[in-house]
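Trainee: Could you take me through one part of this structure slowly, starting with a single residue and then following its surroundings? I would like to see how the pieces sit against each other.

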Amino acid sequence: MKTIAIICDCDNTLMPDLPSLLLKDNGIEPQDFWDEIDVLVKDGWDPPIAWMTELIKLIKDGKIRQNTNEKLAEFAASVDVYTGASTFIDEINSNLDSDVSVEGYVVSSGIESMMKGSKIAGSFTDIFGGRLYEQDGIISGIKSSITFTEKTKFIFAINKGIASQIREKPYDVNNFISESERRIPFENMIYLGDGPSDIPCFSMIEKLGGTSIAIDSKDEWSKNWEYELRSRKMDSFKPDYSENGELRKKLESIIQS
């Protein structure tokens with residue numbers, strides 16, 4: 001059987017930005033928070049570590065009431081995802097020949113417990129994101145983070161067929177596996193993302209024979225992002241995953257080809 005992987009970023013690709021919605025739910029202005037993160041990044045912080053560290057400070061200070069991974073997941077479950085995002089993988093599979101199947105993966109710098117608690121969780125084979133650990137019944141620190149290029153590690157794990165063990169055995173991604181024995185060839189991958197943090201994955205998958213698609217979830221993109229898209233000659237689509245949406249038609253066209 002031929003397996004095709006649809007690999008997605010999450011925030012602003014499959015649903016609105018979860019951390020921003022979490023801040024807003026707790027009476028915190030998201031833009032003020034992200035402005036502070038920009039200052040940290042300019043000081044040399046890695047972006048995912050910067051914003052997760054600051055989020056944890058807010059949790060410890062009692063300014064965010066969702067102070068466990070379970071509560072974060074419960075909050076995410078209340079968030080509406082983009083049209084069709086929670087069902088499109090299953091729907092595409094239902095229309096395929098029996099010798100072809102599609103698997104969905106999320107590889108994101110977002111918080112894994114939130115994404116796994118959201119409405120998309122049931123239709124994706126696995127979801128990879130940053131993880132937070134708890135101490136004395138409250139979130140206390142960062143267990144792992146996924147930076148821009150770290151995303152490519154998980155794509156290689158999907159390619160080699162070791163995604164299920166990559167958390168517990170991260171070094172296994174470096175093991176040699178011949179191209180003929182890899183579970184999902186890169187040319188059978190489709191990557192969907194919405195911003196600059198996805199560019200390493202866009203570049204890698206395109207160069208190795210797969211397809212990358214940009215998701216335009218905002219009314220206006222930054223000029224830098226628009227420039228990157230023009231330079232890469234990428235297709236971009238609104239995040240409508242429903243059967244009659246242009247994005248869905250593009251995905252099905254790629255899979256059929």
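Mentor: Happy to. In this predicted model, glutamate 112 is found in helix α6, which covers residues 112-117. Although glutamate carries a charged side chain by class, glutamate 112 has a relative accessible area of 7%. Buried means under 20%, so with its 7% glutamate 112 counts as buried. What surrounds it? Setting aside neighbours within four places in sequence, glutamate 112 is in contact with Ile127, Phe128, Gly129, Gly130, Arg131 and Arg167.

Helix α6 also leads us to α1, since α6 is among the elements that cover the buried residues of α1. The other elements named in that cover are α2, α3 and α4 (69-77). The residues of α1 being covered are Leu18, Pro19, Ser20, Leu22 and Leu23, which are buried.

Let's look at both ends of α1. Ahead of it, the loop between β1 (2-8) and α1 (18-25) holds asparagine 12. Asparagine 12 has a positive phi of about 70 degrees, although it is not a glycine. As background, most residues other than glycine have a negative phi. Asparagine 12 is also counted as buried, because its relative accessibility is 17%. On the other side, α1 is followed by glycine 27, and the phi of this glycine is positive too, near 75 degrees.

From α1, we can step to α2. The axes of α1 and α2 come within 9 Å and cross at roughly 125 degrees, and the two helices are therefore oblique to each other. On the α1 side of this contact you will find Pro19, Ser20, Leu23 and Lys24, and they meet Pro30, Phe33 and Trp34 in α2. By class, that contact has five nonpolar residues, one polar and one charged.

Helix α2 (residues 30-42) has a second partner to look at, helix α3 (residues 47-60): their axes come within 9 Å and cross at roughly 130 degrees. That crossing angle makes α2 oblique to α3. The crossing, in which α2 passes α3, is right-handed. From α2, the contact draws on Phe33, Trp34, Ile37, Leu40 and Val41, while α3 contributes Pro47, Ala50, Trp51, Glu54, Leu55 and Leu58. Sorted by class, the residues of this contact are 10 nonpolar, no polar and one charged. If you are following along on screen, Phe33 and Trp34 are worth highlighting: they take part in the contact of α2 with α3, and they also appear in the contact with α1.

Now for another pair of helices. Helix α7 (residues 150-160) and helix α8 (residues 199-207) have axes that come within 8 Å and cross at roughly 40 degrees, and α7 and α8 are therefore oblique to each other. Here α7 passes α8 in a right-handed crossing. Lys151, Thr152, Ile155 and Phe156 in α7 meet Pro200, Cys201, Met204 and Ile205 in α8. The contact includes six nonpolar residues, one polar and one charged.

Threonine 152 gives us a close view of that contact, as it lies in α7. It counts as buried because its relative accessibility is 18%. Beyond residues up to four places away in sequence, threonine 152 touches Pro200, Cys201 and Met204.

Cys201 also connects us to a strand residue, serine 212, which is placed in strand β6 (residues 211-215). Apart from neighbours within four places in sequence, serine 212 is in contact with Tyr191, Cys201, Phe202, Ile205, Glu206 and Met234. The side chain of serine 212 reaches the backbone oxygen of phenylalanine 202 at 3.3 Å. Serine 212 is counted as buried, because its relative accessibility is 4%.

For a distant landmark, compare serine 212 with isoleucine 139: their C-alpha atoms are separated by 35 Å, and the two residues are 73 apart along the chain. The loop between β3 (126-135) and β4 (138-144) holds aspartate 136. Like asparagine 12, which has a positive phi without being a glycine, aspartate 136 has a positive phi, about 55 degrees. Is aspartate 136 buried or exposed? It is exposed, because its relative accessible area is 79%, whereas asparagine 12 is buried.

Methods. Residues are numbered from 1 along each chain as its sequence is written. This is a predicted model: local features need pLDDT of at least 70, side-chain atom pairs count only at pLDDT 80 or more; totals for chains, interfaces and linings use all residues. Side-chain values use heavy atoms; hydrogens and water are left out. Axes are lines fitted to C-alpha atoms, for helices over the stretch in contact, and angles run from 0 to 180 degrees between N-to-C directions. Helices (H or I, at least four residues) and strands (E, at least two) are DSSP runs, numbered from the N terminus. Angles under 35 degrees count as roughly parallel, over 145 as roughly antiparallel, 65 to 115 as roughly perpendicular and the rest as oblique. A crossing is left-handed if the near helix is turned anticlockwise from the far one by less than a right angle, and right-handed if clockwise. Contact means heavy atoms within 4.5 Å. Buried means under 20% relative accessible area, exposed over 50%, partly exposed in between (1.4 Å probe, protein chains only). A polar contact is a pair of N or O atoms within 3.5 Å; within protein, one must be able to donate a hydrogen and the other to accept it, and residues adjacent in sequence count only if both atoms are side-chain atoms.
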